[in-house]
Amino acid sequence: MKTAASVSATTVSQALTKGTCPICEILKDFQWTLSESTRPQADLLLCNFHVWALARSRGKLSRSTPGETVTGVFLELLKGPLIGKANSAECALCHKVLAEEVARLRELAQRFQSPIFAQWMTTQGSLCLDHAPKLKEFVPLRLRPCIDKIVERNRTELESELQVFREQLKHGVHQGGGILGRVAEFLVGQRGL
Ligand SMILES: [Zn+2]
Ligand SMILES: [Zn+2]
């Protein structure tokens, strides 16, 4: 189910195949699309994260050099009235991300109503520590223990992978560093959320 505000291309089903928190996966894509589709304007209230996200995404979109495009974005933002850094409660883009997050949490909670899906998530799915408690608010009470089991399994798996990685590092092998990003995402979710 897409909301009117939704511009994300990633569906819950696609996100579930990535092996990390599906809500983080969707929002990562949503953040990117949002930054690309937002026109920088001086009266746009933006938080620290979204000013940088906007500058970076414009740099990739335009044919001019990244330096030129970021300069263009900053010139727009400098036109005034100067409002400075907004907190995320005031940020126009954070508001949109929040609406998308709620819509997708609702959608995922709906999927949990299917016993097969709930079983699959419990044995194979992933959720981060940010989205697990949020998802609990959208599922019936009887399904909340499933979410605790997912988090506990994810924690154990990441811990043992991280221990293997540490052993490797001691022997000078640096491959498999993706585990660090996955642990960070498990602990705090995607950046800017
Ligand atoms: Zn997440
Ligand atoms: Zn923001």
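What percentage of the 193 residues of the protein count as buried? I began with this question, keeping in mind that the model is a predicted one, and found that 25% of the 193 residues count as buried.

**Entry: overall layout**

I next went through the secondary structure and listed 9 helices and 0 strands, so that, read from the N terminus, the elements run α-α-α-α-α-α-α-α-α. Taken along the principal axes, the C-alpha atoms of the protein fill a box of roughly 55 × 50 × 30 Å. I also looked up how contacts are spread along the chain, and noted that residues 24 or more positions apart account for 70% of the contacts with a separation of 6 or more.

**Entry: the nonpolar core**

I then turned to the largest nonpolar core, which has 27 residues, and looked for the members that touch the most other members: these are Ile23, Leu27, Leu93, Leu127, Cys128, Ala132 and Leu135. Helix H1 (12-16), H2, helix H3 (48-61), H5, helix H7 (131-136) and helix H8 (144-170) each supply at least two residues of this core, and the largest share, 6 residues, comes from H2.

From this set I picked out Leu135 and, not counting residues up to four places away in sequence, found that Leu135 touches Leu105, Leu108, Ala109, Leu127 and Ile147.

**Entry: Ala109**

Ala109, one of the residues touched by Leu135, is found in helix H5. Is Ala109 buried or partly exposed? I counted 18 C-beta neighbours inside 10 Å, and because a buried residue needs 20 or more, Ala109 counts as partly exposed. Leaving aside neighbours within four places in sequence, I recorded Leu135, Phe138 and Val139 as the contacts of Ala109. For Phe138 I also noted the spacing: the C-alpha atoms of Ala109 and Phe138 are separated by 5.8 Å, although the two residues are 29 residues apart along the chain.

**Entry: H2 against H5**

For this pair I looked up the axes of helix H2 (residues 22-37) and helix H5 (residues 92-111), which come within 10 Å and cross at roughly 145°, and I noted that H2 passes H5 in a right-handed crossing. On the side of H2 the contact is made by Pro22, Ile23, Ile26, Leu27, Phe30, Gln31 and Leu34, while H5 contributes Leu93, Lys96, Val97, Glu100, Glu101, Arg104, Leu105 and Leu108. Sorting these contact residues, I obtained 10 nonpolar, 1 polar and 4 charged. Ile23, Leu27 and Leu93, which belong to this contact, are also among the core residues that touch the most other members.

**Entry: H6 against H8**

Here the axes of H6 and H8 come within 7 Å and cross at roughly 25°, which makes H6 roughly parallel to H8. The contact is made by Ala118, Met121 and Thr122 of H6 together with Cys146, Lys149 and Ile150 of H8, and these residues divide into 4 nonpolar, 1 polar and 1 charged.

While on this helix I checked Gln119, which is found in helix H6 (residues 115-124). Is Gln119 buried or exposed? I found 12 C-beta neighbours inside 10 Å, and because the exposed class takes in counts of 12 or fewer, Gln119 counts as exposed. Gln119 and Cys146 are 27 residues apart in sequence and 8.2 Å apart in space, C-alpha to C-alpha.

**Entry: H8 against H9**

How do the axes of H8 and H9 cross, and at roughly what angle? They come within 10 Å and cross at roughly 150°, which makes H8 roughly antiparallel to H9, and I noted that the crossing is left-handed. From H8 the contact takes Asn154, Leu158, Glu161, Leu162 and Phe165, and from H9 it takes Ile179, Arg182, Val183 and Phe186; I sorted these residues into 6 nonpolar, 1 polar and 2 charged.

**Entry: His171**

Last, I looked at the loop between H8 and helix H9 (178-188), where His171 is found. With 7 C-beta neighbours inside 10 Å, His171 counts as exposed. I took Asn154, a contact residue of H8, as a point of reference, and recorded that His171 and Asn154 are 17 residues apart in sequence and 26 Å apart in space, C-alpha to C-alpha.

Methods. Residues numbered from 1 in each chain as written. Chains lettered and ligands numbered in written order. Predicted model: local features only at pLDDT ≥ 70, side-chain atom pairs only at ≥ 80, totals over all residues. Axes fitted to C-alpha atoms, helices over the stretch in contact; angles between N-to-C directions. Helix = DSSP H or I, 4+ residues; strand = E, 2+ residues; numbered from the N terminus. Left-handed = near helix turned anticlockwise from the far one by under 90°. Contact = placed C-beta atoms within 7 Å. Nonpolar A, V, L, I, M, F, W, Y, C, P; charged D, E, K, R; others polar. Core = buried A, V, L, I, M, F, W, Y, C linked by C-beta atoms within 7 Å. Parallel < 35°, antiparallel > 145°, perpendicular 65-115°, else oblique.
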